[in-house]
Amino acid sequence: MTAVEQSRRLVTEIPGPASLELTKRRAAAVARGVRSTMPVYAVRAGGGIVEDVDGNRLIDLSSGIAVTTIGNASPRVVDAVRTQVADFTHTCFMVTPYENYIAVAEQLNRLTPGSGEKRSVLFNSGAEAVENAIKIARVYTRKPAVVAFDHAYHGRTNLAMALTAQSMPYKSGFGPFAPEIYRAPLSYPYRDGLIDKELATDGERAAARAIRVIGRQVGADNLAALVIEPIQGEGGFIVPADGFLPTLLEWCRQNNVVFVADEVQTGFARTGALFACEHEGIEPDLICTAKGIAGGLPLSAVTGRAEIMNASHPGGLGGTFGGNPVACAAALAAITTIESDGMVERARQIGQLMTDRLSRLQADDDRIGDVRGRGAMIAAELVKSGTADPDPQLTGKLATAAHAAGVIVLTAGTFGNVLRFLPPLTISDELLSEALEVLAGLLAEL
């Protein structure tokens with residue numbers, strides 16, 4: 001394994017000639033519906049750097065959308081994968097099972113919030129985990145309806161698309177969608193505060209607003225599950241006001257509604273806690289995990305209260321590749337790395353560094369309407385100067401300019417006006433500071 005030099009370097013324009021050649025091949029071979037943030041092609045990555053086919057080294061503030069939390073080639077993960085591949089790549093857990101699936105389930109049962117008896121089941125993707133959580137909730141409650149929230153993103157499969165709020169690019173043209181999906185208002189402190197300052201800070205009041213809508217649209221007697229991201233991802237890294245999540249959980253418990261926490265993007269140390277639910281001390285009935293779970297290999301899980309998880313009949317849950325042995329080996333190594341290398345604390349340090357720099361930038365530039373997030377999951381919401389009107393054009397220009405300067409950033413938000421930062425926890429303070437200074441300079445130019 002060749003270590004990647006930890007410095008930003010541009011030897012060609014972005015994209016370079018080798019990337020341009022690959023783009024031609026891609027256009028002739030890959031369906032156009034698959035979009036990429038940057039028109040460059042990676043050859044190696046690690047620490048806080050991605051190196052492309054032209055030899056450019058880019059500072060990574062995306063982690064492959066929160067996947068490579070512990071780095072792109074974490075040594076324990078690499079060793080574990082090599083060992084497992086040499087033994088066997090697949091047998092299917094539903095045919096001839098193997099020990100490391102059980103070991104991953106044991107670790108998830110230990111690590112996820114909640115002290116009671118738990119069970120886990122493994123899948124491949126975040127969307128698959130969310131869909132199966134709803135299957136489990138429906139069979140447990142014998143009720144059909146599901147509530148998701150404004151600005152939510154839960155995946156690209158049919159049921160997950162129905163739960164997702166944003167039409168473009170995720171839903172448009174792909175319907176009809178799964179029925180019995182309803183939507184409630186989220187606590188969005190920045191936007192709520194433009195209308196009602198008390199609502200922006202009072203999570204219990206914001207939850208009461210959502211519960212009133214749920215009561216009118218659905219009714220608790222029909223509701224199997226409430227699905228929510230503790231911090232919204234694609235919706236713009238929205239952190240609900242304190243008290244919002246606990247109030248919703250209490251209402252769910254009172255009404256036999258399964259509270260499902262979608263921690264696909266927030267899980268595994270990303271937010272400065274092992275799981276984002278821990279920031280408010282809540283214990284969801286079911287928790288969906290993926291992305292950072294296995295150091296870059298495809299794996300996801302649903303973990304939750306044993307009585308709910310065991311409600312399905314034998315054979316009702318599973319999948320050919322769910323809990324693949326190579327991915328399970330990677331997950332066990334990733335969990336060891338997170339715990340042994342102090343990754344939760346590192347996420348807090350990164351969050352402090354990013355928040356301090358972005359807040360100073362905000363104080364000097366009223367186009368930064370809000371800086372928010374937790375740990376290494378931070379966002380800046382961009383608005384038109386002198387207003388709170390979303391500015392997706394500025395956001396797009398800033399992201400494009402950052403890419404050309406060798407900094408990988410992502411945009412997000414229902415209004416397309418959020419710049420989001422998901423650096424790997426292995427990035428150095430020096431690289432992170434350099435990337436933020438590049439962004440500050442570009443914003444000034446724009």
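**Exercises on a two-domain interface**

Across the interface of domain 1 and domain 2, 15 residue pairs come out in polar contact, both partners at pLDDT 80 or more. Keep in mind that this is a predicted model.

**Exercise 1.** Work out which elements of domain 1 supply at least two residues each to the side that touches domain 2, and which gives the most.

*Solution.* Start with the elements: helix 13 (343-364) is on the list, along with strand 11 (368-374), strand 12 (377-382) and strand 15 (418-421). Next, rank them: strand 11 gives the most, with five residues. Finally, look at the chemistry of that side of domain 1: its residues split into 18 nonpolar, six polar and seven charged.

**Exercise 2.** Find how many salt bridges link domain 1 and domain 2, and take a look at the pair E381 and R191.

*Solution.* First, the count between the two domains is two salt bridges. Then go to the side chains of E381 and R191: they meet in a salt bridge, with N to O at 2.7 Å. That sits inside the 4 Å cut-off for a salt bridge.

**Exercise 3.** Lay out the two domains, then say how much area is buried between them and which three residues of domain 1 supply the most.

*Solution.* Begin with the bounds: domain 1 covers 17-60 + 343-445, and domain 2 covers 77-341. Their C-alpha centres lie 25 Å apart. The contact takes 31 residues from domain 1 and 29 from domain 2. Now the area: about 2400 Å² is buried between them, with 58% from carbon and sulfur atoms. Last, the top trio is M343, R374 and M377, supplying 32% of the area that domain 1 buries against domain 2.

Conventions. Residues are numbered from 1 along each chain as its sequence is written. This is a predicted model: local features need pLDDT of at least 70, side-chain atom pairs count only at pLDDT 80 or more; totals for chains, interfaces and linings use all residues. Side-chain values use heavy atoms; hydrogens and water are left out. Domain bounds come from an automatic or database domain assignment. Contact means heavy atoms within 4.5 Å. Buried area is the accessible area (1.4 Å probe) that two parts lose on being put together, summed over both. A polar contact is a pair of N or O atoms within 3.5 Å; within protein, one must be able to donate a hydrogen and the other to accept it, and residues adjacent in sequence count only if both atoms are side-chain atoms. Helices (H or I, at least four residues) and strands (E, at least two) are DSSP runs, numbered from the N terminus. Ala, Val, Leu, Ile, Met, Phe, Trp, Tyr, Cys and Pro count as nonpolar, Asp, Glu, Lys and Arg as charged, and the others, Gly among them, as polar.
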